[in-house]
Amino acid sequence: MTLTFILPFMKVIYCRPPFPPRNGFIIGSCANTLGSVCSFACKEGYILQNGATMRRCLLKAPDQILGYWNGSEPTCKGKCNIFFKISS
């Protein structure tokens, strides 16, 4: 008697590699496979605005082969430091 096993076809789902925000960076390593989470931060002198600090690679539909990143792309804005000179 011969046993035959049929293994289900397993496909790896990828998201396009995320880009770090301008004047920012991706924290640690960031895989671009389904379920991966990428974290973002800004360089010194900048603050994170408009967008997610963390994004996850998700799948829209079971028949898709390309995933997408949830949330919106983060942006880094320069901090505004205003100094006044007081005369006496």
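Colleague: Which residues of strand 4 (residues 54-58) point to one face and are buried?

Modeller: This is a predicted model. Side chains alternate along strand 4. Met54, Arg56 and Leu58 point to one face and are not buried. Pointing to the other face, and buried, are Arg55 and Cys57.

Colleague: How many bridges join strand 2 (residues 37-42) to strand 4?

Modeller: These two strands run antiparallel. Ser39 stands opposite Met54 in strand 4. Val37 stands opposite Arg56 in strand 4. The bridges between strand 2 and strand 4 number three.

Colleague: Which residue of strand 5 (residues 68-69) stands opposite Leu58?

Modeller: Strand 4 also pairs with strand 5, in the antiparallel sense. Two bridges hold that pairing. Opposite Leu58 in strand 5 stands Tyr68.

Colleague: Which residue of strand 2 stands opposite Phe25?

Modeller: Strand 1 runs antiparallel to strand 2. Four bridges join them. Opposite Phe25 in strand 2 stands Ala41.

Colleague: What is the order of the strands in the open sheet?

Modeller: The sheet has four strands. Their pairing is antiparallel. The order is 1-2-4-5.

Colleague: Which strands stand at the edges, and why is one side of each left without a neighbour in the sheet?

Modeller: An edge strand here has a single partner strand, so one side of it is left without a neighbour in the sheet. The two strands in this position are strand 1 (24-27) and strand 5.

Colleague: Why is strand 2 described as largely enclosed by the rest of the structure, and how many of its six residues are buried?

Modeller: Buried means under 20% relative accessible area. Most of strand 2 meets that cut-off, so the strand is largely enclosed by the rest of the structure. Of its six residues, the number buried is five.

Colleague: What share of the protein chain is buried?

Modeller: The chain has zero helices and six strands. Along the sequence the pattern reads β-β-β-β-β-β. Out of 88 residues, the buried share is 20%.

Colleague: Which residues line the largest pocket?

Modeller: About 170 Å³ of space lies in this pocket. By class, its lining has six nonpolar, one polar and three charged residues. The lining is Arg16, Pro17, Pro18, Phe19, Arg55, Leu66, Gly67, Tyr68, Trp69 and Glu73.

Colleague: Which residue lies over the face of Tyr68?

Modeller: Tyr68 is among the residues lining the largest pocket. A charge counts as over a ring if it is within 6 Å of the ring centre and within 35 degrees of the ring normal. At 5.4 Å from the ring centre of Tyr68 lies Lys60.

Colleague: How many aromatic pairs does the count come to?

Modeller: A pair needs ring centres within 6.5 Å. By this rule the count of aromatic pairs is zero.

Colleague: What is the phi of Asn23?

Modeller: Most residues other than glycine have a negative phi. Asn23 sits in the segment before strand 1. Its relative accessible area is 25%, so Asn23 is partly exposed. Phi of Asn23 is positive, near 65°.

Colleague: Is Asn50 buried or exposed?

Modeller: Asn50 is in the loop between strand 3 (46-49) and strand 4. Asn50 has a positive phi of about 50°, although it is not a glycine. Exposed means over 50% relative accessible area. At 57%, Asn50 is therefore exposed.

Colleague: What distance separates the C-alpha atoms of Tyr46 and Cys76?

Modeller: Tyr46 lies in strand 3. Tyr46 has a relative accessible area of 29%, so it counts as partly exposed. Tyr46 and Cys76 are 30 residues apart along the chain. Their C-alpha atoms are separated by 5.8 Å.

Colleague: What separates the C-alpha atoms of Ala31 and Arg16?

Modeller: Ala31 is found in the loop between strand 1 and strand 2. Its relative accessibility is 40%, so Ala31 counts as partly exposed. Arg16, 15 residues apart from Ala31 along the chain, is also one of the residues lining the largest pocket. The separation of the C-alpha atoms of Ala31 and Arg16 is 10.0 Å.

Methods: Residues numbered from 1 in each chain as written. Predicted model: local features only at pLDDT ≥ 70, side-chain atom pairs only at ≥ 80, totals over all residues. Heavy atoms only, no water. 1 Å grid on protein atoms, 1.4 Å probe; cavity = no way out; pocket = protein on both sides within 12 Å on 5 of 7 lines; lining within 4 Å. Points joined across faces, edges and corners; volume = space filled by probe spheres on them. Nonpolar A, V, L, I, M, F, W, Y, C, P; charged D, E, K, R; others polar. Phe/Tyr/Trp six-rings, centres within 6.5 Å; stacked < 30°, edge-to-face > 60°. Buried < 20%, exposed > 50% of the residue type's maximum accessible area, 1.4 Å probe, protein only. Pairing = 2+ DSSP bridges.
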